[in-house]
Amino acid sequence: MTDRSPNGATVWARHSRLRVVPPVQPRKLAKVPFVELADGRLQGVVSSGSDIGRVYVSSIAAGTHDYNCSTNNNRPCGGLYGSPCKHLRALVAEAVVQYGADRVSRYLRVEVPEGADLADCLGGVHEPAPAAVVFSRFLRHLAYLEVPDTTLPIPELHWFPATGTVG
Ligand SMILES: [Zn+2]
């Protein structure tokens, strides 16, 4: 008799899954691992296109459409030259996939003419906002993720070691 269970970890992983709200369409989690409509904002976490270890926290306020994008350490995004950066555009695109265009435009209170891109219809300005709140919501969200059976690295888990320092 022995307590050793070579497959214990696998079994545990298989049984610990929880369902999250299924997206309207399948999402590309590696690019935008977290998106939500919460706190009067469309907000989320967007992977850096060039650096696997860096993420951006992007948000757009409902109503005013003022936007912000910074790293999770509150360093401003270099792409914000008077207009939303590619991370914000990726966030909007993924929100549409996750929630559907109608729900996103209703939440942000934006008029989107037929055939137009929602991201092009936002009229806000850059308004700095702390990233820590959004980032900690992202880290909490990770705890409820459904992790698929795969031997590949899971991009959403890459940032776990960085949870210790906020602010
Ligand atoms: Zn950005």
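Here is a short chat about a predicted model, between a visitor and a guide.

Visitor: Before we start, what ground rules apply to the numbering and the values?

Guide: This is a predicted model, so local features need pLDDT of at least 70 and side-chain atom pairs count only at pLDDT 80 or more, while totals for chains, interfaces and linings use all residues. Side-chain values use heavy atoms, with hydrogens and water left out, and residues are numbered along each chain, as its sequence is written, from 1.

Visitor: In what order do the elements of the chain run?

Guide: Helices (H or I, at least four residues) and strands (E, at least two) are taken as DSSP runs and numbered from the N terminus. On that count the chain has 4 helices and 4 strands. Starting at the N terminus, the order is α-β-β-β-β-α-α-α.

Visitor: What share of the chain's residues count as buried?

Guide: Buried means under 20% relative accessible area, exposed means over 50%, and partly exposed is in between, with a 1.4 Å probe and protein chains only. The chain has 167 residues, and the buried share is 37%.

Visitor: Which residues touch the most other members of the largest nonpolar core?

Guide: A nonpolar core is a set of buried Ala, Val, Leu, Ile, Met, Phe, Trp, Tyr and Cys residues joined through side-chain atoms within 4.5 Å. The largest one has 25 residues, and those touching the most other members are Leu42, Ile60 and Leu108.

Visitor: And which element gives the most to this core?

Guide: The elements giving two or more residues are β1 (34-38), β2 (41-47), β3 (55-61), β4 (67-71), α2 and α3 (101-108). Apart from this core lies another, of 10 residues, including Phe34, Val55, Leu139 and Leu142. Back in the largest core, the top contributor, with 6 residues, is α2.

Visitor: Which residues does Ile60 touch, not counting those up to four places away in sequence?

Guide: Contact means heavy atoms within 4.5 Å. With residues up to four places away set aside, Ile60 touches Gly40, Arg41, Leu42, His65, Asp66, Tyr67, Leu88, Val92, Leu108 and Leu122.

Visitor: Where does the largest share of the lining of the second largest cavity come from?

Guide: A cavity is a set of points, on a 1 Å grid over the protein atoms alone, where a 1.4 Å probe fits but cannot get out, and lining residues have an atom within 4 Å of a point. Points are joined across faces, edges and corners, and a volume is the space filled by probe spheres set on them. The search finds 2 cavities of 30 Å³ or more, and the second largest has a volume of about 30 Å³. Its lining is Ile60, Pro84, Leu88, Arg89, Val92, Ala119 and Leu122, and the largest share, 3 residues, comes from helix α2 (residues 86-99).

Visitor: Is His87 buried or exposed?

Guide: His87 is found in helix α2. Beyond its neighbours within four places in sequence, His87 is in contact with Val46, Ser47, Tyr56, Ser58, Cys69 and Cys77. Its relative accessibility is 6%, so His87 counts as buried.

Visitor: How far apart are the C-alpha atoms of Gly49 and His87?

Guide: Gly49 is in the loop between β2 and β3 and is exposed, because its relative accessible area is 70%. Gly49 and His87 are 38 residues apart along the chain, and their C-alpha atoms are separated by 8.9 Å.

Visitor: What about the C-alpha atoms of Arg137 and Phe34, how many Å separate them?

Guide: Arg137 is in helix α4, and its relative accessible area of 25% makes it partly exposed. Leaving out residues up to four places away in sequence, Arg137 touches Phe34, Glu36, Ala38, Asp39 and Gln43. Arg137 and Phe34 are 103 residues apart along the chain, with their C-alpha atoms separated by 9.1 Å.

Visitor: What is the phi of Asn74?

Guide: Most residues other than glycine have a negative phi. Asn74 is in the loop between β4 and α2, and at 38% relative accessibility Asn74 counts as partly exposed. Asn74 is not a glycine, yet its phi is positive, at about 70 degrees.

Visitor: How many disulfides does the structure hold?

Guide: A disulfide is a pair of cysteine sulfur atoms within 2.5 Å. Cys69, at 1% relative accessibility, counts as buried, whereas Cys121, at 22%, counts as partly exposed. The number of disulfides in the structure is 0.

Note on methods. 1 Å grid on protein atoms, 1.4 Å probe; cavity = no way out; pocket = protein on both sides within 12 Å on 5 of 7 lines; lining within 4 Å.
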